[in-house]
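User: I'd like a close look at one loop residue in this model, with enough of its surroundings to put the answer in context. Start with that one spot and then widen the view.

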Amino acid sequence: MRGSAVHFATMPDTQAHATPAPTLDLLIVGAGFAGLYLLYRARRLGLKARVIEAAAGVGGTWYHNRYPGARVDIQSLEYSFGFDEALQQDWHWSERYAAQAELLRYANHVTDRFGLRDGIQFNTRLAGAQFDEAAQGWQAWSDRGERWSARFLLLAAGPLSTPNQPDFPGLADFKGRVLHTAGWPEQAVDFNGHRVGVIGTGSSGVQSIPVIAEQAAVLTVFQRTATYAVPAHNGPLDPELEAAVKADYPGFRARNRKMMGGFGSMLPPNMFPAHSVSPEQREELFEARWRVGGFGLLGAFNDLILNPQSNELAGDFVRRKIRQTVHDPVTAEALCPTHPIGCKRLCVDTGYYTTFNRPNVHLVDLQKAPIEHFTPQGLVAGGVEHRLDTLVLATGFDAMTGTVLRMDLRGRGGVSIQDKWRAGPLNYLGMAVAGFPNLFNLVGPGSTSAVTNVIVAIEHQVNWITDCIADLRSRGLRTIEATAEAEQAYVAHVNTVAARTIYLNCNSWYLGANIAGKPRIFMPLFGFPAYVDKCDDVVRQGYEGFVLA
Ligand code: NA7
């Protein structure tokens, strides 16, 4: 057991002398898929749990990202819960890639099917929490001053939940409507007759641009980095495929868990490198995967993410597709990305490149014409004023750490998470933080979340964490805390794995490179099966790397 002297500098006064045992076993922050499954699991284990959620409803990312065209980029038969056989048999996805509204219906269905709603307090944002040495638990408070005490604090606030709002000069003077894809209004937005500008060409831009273009009088796309998009070939879910998967859903889930990204067993990667076949065969293999659509293109060969030369062949294949699709050669060239494919998350699109053949759509290459400032009527880029009625910021997120770093979290000795993570998000197993006992951060830095099927990652982490808590309880133990040594070694491991890939060779949100001043460090762990093995091994070794007390 560690020392107990602590000064609760930021905790509300009434709690400074609180020492009784925590009233909750678990305080869960967030009612997205991770928070919902945590609550389900906690209740099955007889743990007293409460979820607090900043939004007015469940669904997390699918609650907030209601922009036109928003849909999942992993097939819905895969991007869905596998923990309950009846749920996965009963639920029917209407499309191969479900749209946001259907995903939100699914989140609500799961909530009500398992009677979870009464365990969730909506419109409540966690403001801060302090580890209470005397009570061996967490004292937490909301932005409205409500308070909770819990043995464990489980952060399920999402890796992509704090929108990136770039500070463009003069934006406050702009008189038109400003929308962010990650905070879209609930009511449908009408673009008819509008001059619309979209800044950002990641997944959110790539999905929304074709839909907005159909309505807007003029759409101007402001692109800082050209993106790779592969076709989704979305459509109604094939009933034969659905029946085949449902005939052995547990087997299908198990096969997916063996895949690097926790999905993709329907089209496994070819187990030979790109240079082992002739150029003609290579082209055929890329073509075959392009026809299927989705992330499978990156599995055309087993070294596309590892070998820059092989990666370049895949990038070149997509660039040729872009040049074949986009009629205007100048626009086509500007749309051709130059960074390694897959280094930033690949976009899965419906009609993105063809949208640039529409007469009402214009591309502004910000590399050549940077945004200078906003005016009341629009924005000036490269000396040219673009008049806009509506501006859509598709500028992404302060990913993986942004939401946690906006909380006033204090561990042992009042050390803040901001100090702890100043040089980057130290963590062990992508869940625990030394000096912050009984705190688990889900699908955050060090987890495989961002480079896997996040629902598979969530189910694994929730199972691991709740099993751990049940185990501690059965042994009469109150705290679990990662050691600083385990944490250092783990973060080094995450970066060693990344260094073997092409993931360090671009400015992605995986590296925090999209946010000025954020430490450049690769945050997700690549490789789901090895991560599962590592987590299992830690348990087998008696929670190696943790101190239990
Ligand atoms: P992303 O993928 O981070 O994309 C954000 C886009 O916004 C990207 O093109 C950025 O360019 C651009 N951006 C960001 N800041 C600026 C500024 N200041 N000026 C111009 N352009 C800017 O976010 P998404 O919401 O599209 O997708 C996030 C994830 O959600 C996605 O990966 C899927 O997992 C689902 P950059 O590339 O940084 O030059």
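Is Q136 buried or exposed, and what is its relative accessible area?

Analyst: Q136 is buried, because its relative accessible area is just 9% and buried means under 20% (exposed is over 50%, partly exposed lies in between, with a 1.4 Å probe and protein chains only). Bear in mind that this is a predicted model, where local features need pLDDT of at least 70 and side-chain atom pairs count only at pLDDT 80 or more, while totals for chains, interfaces and linings use all residues. Residues are numbered from 1 along each chain as its sequence is written, and side-chain values use heavy atoms, with hydrogens and water left out.

As for the backbone, Q136 sits in the loop between β4 (126–132) and β5 (137–142). Its phi is near 55°, which is positive even though Q136 is not a glycine. Y543 also has a positive phi without being a glycine, at about 60°. You'll find Y543 in the loop between α15 (528–540) and β20 (546–548). With a relative accessible area of 4%, Y543 counts as buried.

Now zoom out. Buried residues account for 60% of the 549 in the protein chain. The chain has 15 helices and 20 strands; these are DSSP runs numbered from the N terminus, helices being H or I of at least four residues and strands E of at least two. Its radius of gyration is 24 Å, close to the 24 Å that the globule rule gives for 549 residues, so the chain is as compact as a globular protein of that length. (That radius is taken over C-alpha atoms, and the rule is 2.2 Å times the number of residues to the power 0.38.) Along the principal axes, the C-alpha atoms fill a box of roughly 70 × 55 × 40 Å.

Next, the aromatic rings. A search of the whole structure turns up 40 aromatic pairs. One of them is F33 with Y79, edge-to-face at 6.3 Å centre to centre and 80° between the planes. That pair links distant parts of the chain, with F33 in helix α1 (residues 33–44) and Y79 in the loop between α2 (61–64) and α3 (85–90), 46 residues apart. Both F33 and Y79 are buried. F286 and F301 make another edge-to-face pair, at 5.3 Å and 85°. Here too the link is between distant parts of the chain: F286 belongs to helix α8 (residues 279–292), F301 to the loop between α8 and α9 (308–325), and they are 15 residues apart. F286 is buried at 2% relative accessibility, and F301 is buried at 1%. For the cut-offs, rings of Phe, Tyr and Trp (its six-membered ring) pair if their centres lie within 6.5 Å, with planes under 30 degrees apart counted as stacked, over 60 as edge-to-face and the rest as tilted.

F33 and Y79 also belong to a cluster linked by ring pairs, whose other members are Y37, Y40, W62, F81, F83, W91, W93, Y106 and F114.

Finally, two arginines sit over rings. R66 lies over the face of Y63, 4.6 Å from the ring centre, and the charged end of R177 is over the ring of F191, 5.8 Å from its centre. The test is NZ of Lys or CZ of Arg within 6 Å of the ring centre and within 35 degrees of the ring normal.
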